[in-house]
Amino acid sequence: MQRQELKSFILNDRFTDFEEFTQATRAWDLDFIQLDRGNFETEITQVGVGDVLLAQASFNRFIDQRGSSPPGLWTFAILADKSSDIIWRGRQVSKKSMMIYAPGSEIDAQSRPGFAVYTLSYPESLLDELAQMFGVPSFRKLIGSRDLITTNAAEISIYREQIKHILSTIKERPLKLNSHTMLHEIRFGLSQQLLSTLVFSHPEYHQPFYRRRDRALRRAKAYLREHAQEPVTVRDLCR
């Protein structure tokens, strides 16, 4: 039976109106209030592949951020390299930190002018499939009750550069989004690095994870070469 192709979309735009911005952004329920004077401007790139969302956004004003994250998806946010400060749920967030939103959870943040962020949203089932593939505990066990994780700067930097490269490629060549290579990179490559970042906060899982990851990546690359013209799921790569 032929697999159904994953639906995809791209939003790449600049807005000077809050209402237009919130209406254009998919899945997020945004309720932002500007706290300083001056013209509002935001740039956003949002990409969707099936049930996975990837986005980059920046804001030029002091913003009180309210609303909620995408329902049905776990969302992970990291600051861009040159982002200004943000207070998130009453805590200062550093560039070594990852913010974790449970599905449909509150945003509750205050960002200074120059704030820039990357967000990724995944279904829990996909993250658990990857955890099983790499021989580590389930996603819920990895994060426990934490919603803010501070980890190794190198892990976060790798993740940040990976996201930046993917979004830059898609903005320059939008048709690239529908290639099997790019779909695999978004659904598998980024989620694998996410899992690696989460594992790094649990030293007891480091060695088993990295050994299993290297073996799994070799198998995945071989499978992709053999099925280059077919849609591939994480479940396929776990075989």
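**Thr 42 and its strands**

Student: Which residue offers the backbone oxygen that the side chain of Thr 42 reaches at 2.7 Å?

Tutor: This is a predicted model, in which local features need pLDDT of at least 70 and side-chain atom pairs count only at pLDDT 80 or more, while totals for chains, interfaces and linings use all residues. Residues are numbered from 1 along each chain as its sequence is written, and side-chain values use heavy atoms, leaving out hydrogens and water. A polar contact is a pair of N or O atoms within 3.5 Å, where within protein one must be able to donate a hydrogen and the other to accept it, and residues adjacent in sequence count only if both atoms are side-chain atoms. At 2.7 Å, the side chain of Thr 42 reaches the backbone oxygen of Ser 58.

Student: Is Thr 42 buried or exposed?

Tutor: Thr 42 lies in strand S3, residues 42-49, where strands (E, at least two residues) and helices (H or I, at least four) are DSSP runs numbered from the N terminus. Buried means under 20% relative accessible area, exposed over 50% and partly exposed in between, with a 1.4 Å probe and protein chains only. Because its relative accessibility is 1%, Thr 42 counts as buried.

Student: Which residues is Thr 42 in contact with, leaving aside its neighbours within four places in sequence?

Tutor: Contact means heavy atoms within 4.5 Å. With those neighbours set aside, Thr 42 is in contact with Asp 13, Arg 14, Phe 15, Phe 21, Ser 58 and Phe 59.

Student: Over how many bridges do S3 and S4 pair?

Tutor: Two strands pair if DSSP finds at least two bridges between them. In the hairpin of S3 and S4, 2 residues stand between the strands and Gly 50 takes a positive phi near 60°, while Val 49 stands opposite Val 52 in S4. The sense of the S3 and S4 pairing is antiparallel, and the count of bridges is 8.

Student: Which residue in S11 stands opposite Ala 55?

Tutor: S4 also pairs with strand S11, residues 115-122, in the antiparallel sense over 7 bridges. Opposite Ala 55 in that pairing stands Thr 119.

Student: How many of the 8 residues of S4 are buried?

Tutor: Across the chain of 239 residues, buried residues make up 49%. Strand S4, residues 52-59, is largely enclosed by the rest of the structure, because the number of buried residues among its 8 is 6.
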